[in-house]
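Biologist: Please take me slowly through one part of this model. I would like a close look at the interface between the chains, and at how the chains are related there.

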2 protein chains.
Amino acid sequence: MQKLAGVLQNFFNQAHAKGRLRRECFGNLIYYRLIDDSQPFRRGTVIFEEGTLIPGYPQIGRMIRLDKGLKEQFTKPFWAEEKVDGYNVRIFLLGERLLGVTRGGFLCPFTVDRLPDLIDERIFSDHPDFILCGEIAGPENPYLIGSPPFIKEDIQLFIFDCQRKGEFDYLSQAEKHQLMEHYSLPSVRNFGLFKAEDILAIKQLMMTLDTEGCEGLVFKEDVPRGKRSKYVTSDASLSDIQAMARYLPDFPPEYFIGRILRSVIFLDEEGISSTHELKAQLGSAFIDGLLKAIKQCQREHRVYHRFRCRLHDRANARQLLAHLARGDGHIQIVKHRLVREGEFYIFEFDKVFQRTTGLLGELLSGEMVYD
Amino acid sequence: MQKLAGVLQNFFNQAHAKGRLRRECFGNLIYYRLIDDSQPFRRGTVIFEEGTLIPGYPQIGRMIRLDKGLKEQFTKPFWAEEKVDGYNVRIFLLGERLLGVTRGGFLCPFTVDRLPDLIDERIFSDHPDFILCGEIAGPENPYLIGSPPFIKEDIQLFIFDCQRKGEFDYLSQAEKHQLMEHYSLPSVRNFGLFKAEDILAIKQLMMTLDTEGCEGLVFKEDVPRGKRSKYVTSDASLSDIQAMARYLPDFPPEYFIGRILRSVIFLDEEGISSTHELKAQLGSAFIDGLLKAIKQCQREHRVYHRFRCRLHDRANARQLLAHLARGDGHIQIVKHRLVREGEFYIFEFDKVFQRTTGLLGELLSGEMVYD
């Protein structure tokens with residue numbers, strides 16, 4: 001990190017000494033990532049040896065009650081952008097290389113492999129100091145179970161912010177919009193500028209998104225360092241439960257409880273009168289998921305999810321596997337197959353949920369629990 | 001504790017020094033209770049100053065899968081007794097006084113007040129060294145939200161074990177049965193002697209109990225220190241969720257997750273094909289409970305449950321209030337009213353669930369959360 005200014009150098013040396021800055025390798029490339037917030041830097045901030053700094057993407061606070069929340073949080077007008085259910089990436093140029101880091105600040109072999117399919121690189125030839133922030137979503141992503149219903153295969157990128165290297169501020173909506181247009185970049189949908197009093201229009205929009213199976217909205221004041229807040233639909237909460245109930249013992253119980261709570265407050269606020277179908281949906285989310293896990297456990301003696309993704313470079317599969325294996329200690333990653341199909345390598349691997357496998361195995365074999 | 005034998009004296013002195021034995025008062029009566037298991041004594045063991053020792057009631061392991069569980073746990077025949085959803089008590093004579101302690105080893109002012117209504121005291125005149133172990137259940141109990149559907153008012157006692165003071169073993173079923181008959185004591189239902197191979201009959205019984213809204217069964221080998229195990233119905237798990245979802249943030253999330261898991265394994269084992277109604281039931285349990293909490297929070301700015309119980313002695317209301325106030329720090333106990341009605345004082349008080357009140361209050365007022 002010899003090229004950082006003195007103050008920064010000092011800051012990161014201290015963070016490193018405290019174990020908050022971790023040294024990572026990506027092939028021959030050495031970089032450092034901040035593992036938690038350390039003012040003024042966010043968790044996931046990345047620093048390369050030659051001095052480039054990619055700020056972490058800030059967490060956006062969640063409103064649980066829309067009407068009160070908007071009034072409470074926003075005094076100025078704000079844009080409403082679609083919130084897409086995927087994984088967060090920051091895309092940028094390092095020398096000649098187009099790179100992508102995940103929220104946690106890991107260079108992602110999958111993202112880097114697929115960036116040329118997702119983005120027109122000319123933006124970086126013209127603006128090598130730009131960082132594009134977005135979400136990668138779709139059924140063939142290596143991180144998330146479940147994907148937006150409107151993406152039928154592979155993955156898509158949805159850009160929602162742009163900033164300059166080493167800066168914290170994001171471009172204004174107008175600047176961002178111009179860039180997206182000019183380079184035909186894939187952007188999240190922007191539903192326009194609203195005020196807190198436009199609650200009826202926003203609620204109507206939210207109900208449409210709920211019906212379409214969209215995740216929700218992010219509200220952004222259009223001023224530098226403007227306030228930001230997010231709100232998710234009831235459908236998104238139920239979909240999460242549906243997708244994860246199968247691996248229930250591997251997730252913190254708060255994961256499910258929080259979503260139940262959000263979904264009910266959504267119903268209450270929207271005054272949805274006939275909740276019978278929604279009750280069945282919530283019940284199904286748990287019951288169907290767990291019944292599937294039980295069947296899988298009895299049949300195959302392990303509870304797992306099979307992931308599939310497409311890669312250009314065969315070597316990236318191995319790198320991805322090594323990257324994923326670093327995650328949660330109780331989730332085991334097992335390669336299933338790697339085959340050429342047309343222009344891609346199809347890479348399939350299993351995430352084996354070991355707590356779920358262990359617990360269901362014990363319970364189903366008649367062991368006793370003391371609770 | 002001057003009357004305990006030397007070894008015991010030594011044991012309890014050590015436990016006291018380690019803070020595991022707490023000194024308690026009940027009026028003028030001084031006693032000590034063991035706050036966790038400390039071999040060979042159980043949590044909830046009670047020792048009186050004059051030397052009487054009441055052993056803690058042992059925790060009974062839970063089977064989640066009935067067929068495999070019975071085969072795994074039982075090689076000898078076992079009795080199947082109804083498991084009643086109430087609070088655990090041990091009833092005994094201390095000198096001339098008939099007393100009752102809860103699972104945790106607290107002398108309970110409510111239980112002590114009501115014992116003369118629940119039990120024929122002649123058993124203790126004839127056998128002053130007996131301890132009766134049972135469950136007190138019913139809509140007018142001061143501890144539990146929810147009660148068995150077959151108890152329409154007030155409370156009832158259900159005895160399931162009898163032992164001698166200072167001994168760990170329980171009387172055999174034959175001895176216990178004889179006592180219950182002779183003194184017309186209220187007992188849990190005993191459904192007979194089974195073997196693990198009688199699984200079909202046991203499952204049929206369990207389905208009947210599920211339909212009746214009963215909690216489940218306790219299986220007991222009929223030999224000294226015989227194995228014991230319990231199994232609850234799906235309906236019991238769903239009822240718990242139904243009763244508690246309203247105060248969801250005040251309970252550990254595992255409370256709900258464990259019950260969902262049990263209930264689904266029950267469904268799977270029983271091969272219940274039409275689960276649609278059950279899905280709606282599970283969904284309702286959460287949604288109805290939380291919607292009620294939201295309404296209550298908006299209307300009264302606090303989320304609480306009103307308890308009502310009957311007492312003979314007005315002074316016991318104050319003692320009960322003080323006893324309850326010692327519980328969970330985040331639950332506030334507020335007296336509502338205490339009035340004479342016929343032969344009883346009707347005592348009403350509220351348990352205010354402060355976490356639920358606080359969290360719902362924040363969320364509904366539009367505050368942001370970072371998760």
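Modeller: What follows starts with the interface and then turns to a few spots inside the chains.

This is a predicted model, in which local features need pLDDT of at least 70, side-chain atom pairs count only at pLDDT 80 or more, and totals for chains, interfaces and linings use all residues. Residues are numbered from 1 along each chain as its sequence is written, chains are lettered from A and ligands numbered from 1 in the order written, and side-chain values use heavy atoms, without hydrogens and water.

Start with the symmetry. Two copies of a chain are related by a rotation about an axis and a shift along it. Here, chain A falls on chain B after a rotation of 180° with 0.0 Å of shift along the axis, at RMSD 0.0 Å (a least-squares fit on C-alpha atoms of residues with pLDDT of at least 70 in both). So this is the relation of a two-fold axis. Both copies use the same surface: 100% of the contact residues of chain A recur in chain B.

How many residues does each chain give to the contact? Chain A gives 51 residues, and chain B gives 51 residues (contact means heavy atoms within 4.5 Å). About 4,600 Å² is buried between the chains, and carbon and sulfur atoms give 69% of that area (the accessible area, with a 1.4 Å probe, that the two parts lose on being put together, summed over both). On the side of chain A, the residues that lose the most area are A:Lys279, A:Ile287 and A:Met368. Together they make up 13% of what that side buries.

Now the polar side. The interface holds eight salt bridges (a side-chain nitrogen of Lys or Arg within 4 Å of a carboxyl oxygen of Asp or Glu). One salt bridge pairs B:Asp268 with A:Lys295, with the closest N and O atoms 2.7 Å apart. Across the interface, 14 residue pairs are in polar contact, both residues at pLDDT 80 or more (N or O atoms within 3.5 Å, one able to donate a hydrogen and the other to accept it; residues adjacent in sequence count only if both atoms are side-chain atoms).

Which elements of chain A touch chain B? Those that give two or more residues include helix H8 (253-270), helix H9 (276-300), helix H11 (354-364) and strand E13 (228-232) (DSSP runs, at least four residues for a helix and at least two for a strand, numbered from the N terminus). H9(A) provides the largest share, 15 residues. By class, this side of chain A has 27 nonpolar, 11 polar and 13 charged residues (Ala, Val, Leu, Ile, Met, Phe, Trp, Tyr, Cys and Pro are nonpolar; Asp, Glu, Lys and Arg are charged; the others, Gly among them, are polar).

Next, inside the chains. Over all chains, the structure has 70 salt bridges. One joins A:Arg326 and A:Glu24, with the closest N and O atoms 2.4 Å apart. This pair links distant parts of the chain, 302 residues apart: A:Glu24 is in strand E1 (residues 21-26), and A:Arg326 is in the loop between helix H10 (315-325) and strand E15 (331-341).

Last, a backbone detail. The peptide bond from A:Gln39 to A:Pro40 is cis, with omega near 0°. A:Pro40 sits in the loop between strand E2 (29-34) and strand E3 (46-48) of chain A. In chain B, a cis peptide bond joins B:Gln39 and B:Pro40.
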